[in-house]
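User: I should like to understand how the descriptive terms applied to a structure are justified. Please take me through the reasoning.

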Amino acid sequence: SISVNPSKNRIYIELGRVVTGDGKAFYEEVQSQVGKLDKGFSCISDISSFSIDDPEEAVWSQKAIALLVEAGMARVVRVTGTETEFREFSEKQGYTVCLAATLEKAEQILDGV
């Protein structure tokens with residue numbers, strides 16, 4: 001599922017089980033939602049229940065990332081469902097990433113709490 005919070009300038013992406021045909025629909029939904037945000041937006045990507053049945057669908061996630069970067073994504077917190085040591089790193093595409101165990105923790109990180 002994909003949603004945006006324009007007041008926080010943030011997109012929320014929750015990835016679950018991906019089967020054949022899901023990738024293109026996912027990409028198109030990201031494309032329709034990202035236009036509601038301003039450059040410099042943040043992203044919370046919940047991958048805690050992500051699985052992929054068809055490896056061919058992975059190409060769409062790479063296209064979605066490229067789209068998000070082009071639209072001005074600056075920072076991402078990935079929700080993994082697992083406690084990890086806080087660290088932030090830069091992706092080669094130019095945005096920063098950190099990991100969080102829960103959606104609530106991800107919100108705290110991005111809200112500076």
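**Reasoning from values to terms**

Analyst: In this predicted model, helix α1 has 13 residues, which at 1.5 Å a residue should span 18 Å; its end C-alpha atoms are 18 Å apart, so the two values agree.

User: Which residues of α1 are buried?

Analyst: They are G23, F26, Y27, V30, Q33 and V34. Buried means under 20% relative accessible area.

User: How do you know on which side of α1 they lie?

Analyst: The buried residues cover an arc of only 135° around the axis, and therefore they lie on the same side of α1. An α-helix has 3.6 residues a turn, so residues three or four places apart point the same way. The buried residues of α1 pack against β1, β2 and α2.

User: Why is E70 called exposed?

Analyst: The cut-off for exposed is over 50% relative accessible area. E70 has a relative accessible area of 66%, so E70 is exposed. This residue is found in helix α2.

User: What makes up the largest nonpolar core?

Analyst: The largest nonpolar core has 20 residues, and those with the most contacts inside it include I11, F26, F41 and M73. Two or more residues each come from β1 (2-5), β2 (10-14), α1 (22-34) and α2 (58-71). Apart from this core lies another, of 9 residues, among them V77, V79, C98 and A100.

User: What does I11 touch, leaving out residues up to four places away in sequence?

Analyst: The residues that I11 touches include I2, V4, Q33, L37, F41, I44 and L68.

Definitions and conventions: Residues numbered from 1 in each chain as written. Predicted model: local features only at pLDDT ≥ 70, side-chain atom pairs only at ≥ 80, totals over all residues. Heavy atoms only, no water. Core = buried A, V, L, I, M, F, W, Y, C linked by side-chain atoms within 4.5 Å. Buried < 20%, exposed > 50% of the residue type's maximum accessible area, 1.4 Å probe, protein only. Helix = DSSP H or I, 4+ residues; strand = E, 2+ residues; numbered from the N terminus. Contact = heavy atoms within 4.5 Å. Expected span 1.5 Å × (residues − 1). Arc of directions from axis to C-beta.
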